[in-house]
Amino acid sequence: MFEGQSISEIKQKISQMRKEEKNLELEQTLLMDDRIGVQKIGISLQKNRLKAEEERHRILQMKVKEQDWNSKGILLVGGVDEAGRGPLAGPVVAACVIMKPDSLILGMNDSKKIKETVREELYDKVIQDSISFGIGIASSEEIDQYNILQATFLAMKRAMKEMKQVPELVLVDGNQEISNCFIRQETVIHGDSICYSIACASILAKVYRDRIMREYDRIYPEFDFLNNKGYGTSHHYDALRTYGV
């Protein structure tokens with residue numbers, strides 16, 4: 001298959017291959033080559049494949065709760081999460097999303113564990129893989145009026161009302177059910193790390209809120225919202241002391 005080709009030519013050829021062409025047969029061909037350099041290419045492909053299989057298994061494990069409810073006849077299971085409960089400035093944003101049964105977005109996790117650039121990519125993938133989603137916002141004024149917990153619940157209910165298809169049940173991140181919610185719900189502690197639809201909702205909420213804070217940064221550049229997203233960094237506290245609330 002690679003007779004007469006240099007190692008650099010083999011690397012280039014493999015880099016141009018489709019994902020499905022990089023299979024076990026190719027790995028074995030590379031590993032059986034007499035050249036150490038070619039064998040290293042095979043080892044690298046093998047490591048990447050095993051890593052991808054491990055990640056796929058992790059994601060499948062994250063979908064257990066949704067599948068359990070599906071087996072009971074509850075097919076439209078939504079995940080709910082929020083972003084913005086801890087900052088000093090800005091709104092709290094919640095998202096609710098029902099993912100397609102065959103959705104398998106590798107790299108999905110709690111949004112706080114993922115780099116900002118990767119979150120932006122995952123945001124688009126979540127929307128593409130969703131059956132229905134909604135995003136709700138509670139303003140800083142509402143946070144001050146109702147308290148952060150009740151404002152979070154308000155944002156979550158608004159997110160659900162924005163959905164084209166209403167969930168039959170929602171999985172809610174944390175240990176507290178949404179108050180006065182018209183939809184059946186189940187709480188999941190650390191849900192954004194262990195439950196697929198909640199993790200997907202966490203990506204939607206976090207990216208949407210970050211975009212809002214980037215807009216605020218253009219209006220109030222002295223507070224450095226571009227970088228702190230409203231959280232209480234030393235720069236943010238210094239700006240509050242200098243410019244006031």
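I started with helix α9, which lies across β1, β2 (92-99), β3, β4 and β5 and runs at about 140° to β2. Contact here means heavy atoms within 4.5 Å. Angles run from 0 to 180 degrees between N-to-C directions, with axes fitted to C-alpha atoms, for helices over the stretch in contact. Helices (H or I, at least four residues) and strands (E, at least two) are DSSP runs, numbered from the N terminus.

The model is predicted: local features need pLDDT of at least 70, side-chain atom pairs count only at pLDDT 80 or more, and totals for chains, interfaces and linings use all residues. Residues are numbered from 1 along each chain as its sequence is written, and side-chain values use heavy atoms, with hydrogens and water left out.

**Sheet.** I looked up the strand order next. The open sheet has five strands in the order β3-β2-β1-β4-β5, with mixed pairing; two strands pair if DSSP finds at least two bridges between them. β3 (130-138) and β5 (184-188) each have a single partner strand, so one side of each edge strand has no neighbour in the sheet. On average, neighbouring strands are turned by 20° against each other, direction ignored. Strands β1 (residues 77-83) and β4 (residues 169-173) run parallel and are joined by four bridges. In β4, Val170 stands opposite Gly78.

**Arg209.** I then went to Arg209 in helix α9 (residues 196-219). What is the nearest side chain of opposite charge to Arg209? It is Asp210, 4.9 Å away, and Arg209 is buried yet has no salt bridge. Buried means under 20% relative accessible area, exposed over 50%, partly exposed in between (1.4 Å probe, protein chains only). A salt bridge needs a side-chain nitrogen of Lys or Arg within 4 Å of a carboxyl oxygen of Asp or Glu. For charge, Lys and Arg count as positive and Asp and Glu as negative; His and the chain ends are not counted. The side chain of Arg209 reaches the backbone oxygen of Lys229 at 2.8 Å.

**Salt bridges.** I found a count of 16 salt bridges. Lys229 pairs with Glu116, the closest N and O atoms being 3.8 Å apart. Lys229 sits in the loop between α10 (225-228) and α11 (234-243), and Glu116 in helix α5 (residues 116-128), 113 residues apart. Lys229 is buried at 7% relative accessible area, while Glu116 is partly exposed at 33%. Both belong to a network of salt bridges with Glu120, Arg211 and Arg214.

Within α9, I noted that Asp210 bridges to Lys206 at 3.3 Å between the closest N and O atoms. Asp210 is buried at 2%.

Note on methods. Polar contact = N/O pair within 3.5 Å; in protein donor to acceptor, adjacent residues only side chain to side chain.
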